[in-house]
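Please look through the structure shown below, which we will follow from one buried loop residue outward to the rest of the chain. The paragraphs after it are meant to be read with the coordinates open beside them.

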Amino acid sequence: MTRYLVRAASLAAALTTWQLLTSLNVDLWLRFSQFPTVADVARAFGDRLGGHDYWTDLTDSLTRILTGFLLAAVLGVATGVLVARSRLAEDLLGPLVEVLRPIPAIALVPVAILLFPSNEQGIVFITCAAALFPVLVSTRHAVRALAPAWEEAVRTMGGGRWRILGSVVLPGALPGIFGGLSVGIGVSWICVISAEMISGQYGVGYRTWQDYTVVDYPGVFVGMVTIGVLGWVTSTAVERVGRWLTRWLPRTEYVAGARVRRTPAPVSSVPEPVGEEGVRDEHLV
């Protein structure tokens, strides 16, 4: 409860500072007199919530982000595992990935306009491209970091490729995969909003840009707040799913000024693995 109170107090302090700087028209080096106050933004937010366009924009943006992100998750994980496990795939796809990866997804807007018959498909493509490479690279590194002893143990018990993939590779790489998914969902929001501003017809990004063009600055901040909240909710959802799927991992809880407390993994009947000289192998927990 104390931690939640501290977080609420931090947010309240930021909003209070914003209200004071804008209501008093403070102009030092930064021109806060040009900003709308918190009260102005709150009134604009209330007006938008009562209208139909706000919810249409919200639905369109969420549909685009979820479609593009799910495509990127499937393609990124599959390609990352393939590149990490196959030399041929690495030779064929590795150079292509390294050339395309540094290109910002928003720079693909002209490609999307030329390639796809509708703006909607182009925006989903940009969203997918934004999340694809963080997921792919994280998956590749996570798979390559797995201990070889795991795979060898499955082989000695008669397991084949698919058994190794389902019992060793994917479970062992899950923490790294969800690290890439957490980064990917954030990057996806940046790019989907930018794409909506450039070529969209509906969506939070499109509405925010329209408010800017008609000098409706409270409306611009309504869009910014909406984007921030949506990004926070979706990234939190991805992290919660990741924690649930990796609940077998031991957890470490940090408490300032106190000893580190570890949440033990579920009790298993399997003997605890040991490494050389009887030392407990943390990688096999």
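A useful starting place is Gly203, which, once residues up to four places away in sequence are set aside, touches Asp57, Asp60, Ser61, Arg64 and Glu196. The model is a predicted one, and in it Gly203 sits in the loop between H8 and H9. With a relative accessibility of 0%, Gly203 counts as buried. One of its contacts, Arg64, is 139 residues away from Gly203 in sequence, although the two C-alpha atoms are 9.1 Å apart in space.

Two of the residues that Gly203 touches, Arg64 and Glu196, are also paired with one another: they form a salt bridge in which the closest N and O atoms are 2.8 Å apart. Because Glu196 belongs to helix H8 and Arg64 to helix H3, this pair ties together parts that are 132 residues apart in sequence. Are these two partners buried or exposed? Both Glu196 and Arg64 are buried. As a general matter, side chains of opposite charge can pair when their charged atoms come close.

The structure holds nine salt bridges, and two further examples involve helix H2. The side chains of Arg48 and Asp216 meet in a salt bridge with an N to O distance of 3.4 Å, and this pair links distant parts of the chain, since Arg48 is in helix H2 while Asp216 is in the loop between H9 and H10, 168 residues apart. Asp216 is partly exposed, its relative accessible area being 27%. Salt bridges that share partners join Arg48, Asp211 and Asp216 into one network. The other example is local: Asp40 forms a salt bridge with Arg43, with the closest N and O atoms 2.3 Å apart, and because the two residues are three apart in helix H2, they are separated by about one helical turn. Asp40 is partly exposed, at a relative accessible area of 26%.

With these links in mind, it helps to step back to the whole chain. The chain has ten helices and two strands, and, read along the sequence, it follows the pattern α-α-α-α-α-α-α-α-α-α-β-β. Among its contacts with a separation of 6 or more, 64% are accounted for by residues 24 or more positions apart. Of the 285 residues of the chain, 31% count as buried, while the chain exposes about 18,000 Å², of which carbon and sulfur atoms supply 65%.

In soluble globular proteins, nonpolar side chains tend to be buried together. Here the largest nonpolar core has 47 residues, and those with the most contacts inside it are Ile126, Leu181 and Trp189. The elements that give two or more residues to this core are helix H2 (38-49), helix H3 (52-85), helix H5 (109-115), helix H6 (119-144), H8 and helix H10 (217-245). Helix H8 gives the most to this core, with 14 residues. Leaving aside neighbours within four places in sequence, Ile126 is in contact with Ala105, Leu108, Val109, Ala112, Cys191 and Ala195.

Nonpolar side chains also appear at the surface, where Met197, Ile198, Trp209, Tyr212, Val215 and Tyr217 make a nonpolar patch of about 580 Å². Helix H8 (161-199) and helix H9 (204-213) are the elements that give two or more residues to this patch. Met197 lies in helix H8 and is partly exposed, with a relative accessible area of 30%. Met197 is also among the residues touched by Thr208, whose other contacts beyond four places in sequence are Val220, Gly223 and Ile227. Thr208 itself has its place in helix H9 and is buried, at a relative accessible area of 6%.

A second buried threonine brings us to the beginning of the chain. Thr22 is in helix H1, which covers residues 2-23, and at 2% relative accessibility it counts as buried. Which backbone oxygen does the side chain of Thr22 reach? The side chain of Thr22 reaches that of Trp18, at 2.7 Å. When neighbours within four places in sequence are left aside, Thr22 is in contact with Phe32, Phe35, Pro36, Thr37 and Val38.

Technical notes: Residues numbered from 1 in each chain as written. Predicted model: local features only at pLDDT ≥ 70, side-chain atom pairs only at ≥ 80, totals over all residues. Heavy atoms only, no water. Patch = residues over 30% accessible without salt bridge, like charges linked within 9 Å, V, L, I, M, F, W, Y side chains within 5 Å. Areas by Shrake-Rupley, 256 points an atom, 1.4 Å probe, with all protein chains shown as cover. Salt bridge = Lys/Arg side-chain N within 4 Å of Asp/Glu carboxyl O. Helix = DSSP H or I, 4+ residues; strand = E, 2+ residues; numbered from the N terminus. Buried < 20%, exposed > 50% of the residue type's maximum accessible area, 1.4 Å probe, protein only. Polar contact = N/O pair within 3.5 Å; in protein donor to acceptor, adjacent residues only side chain to side chain. Contact = heavy atoms within 4.5 Å. Core = buried A, V, L, I, M, F, W, Y, C linked by side-chain atoms within 4.5 Å.
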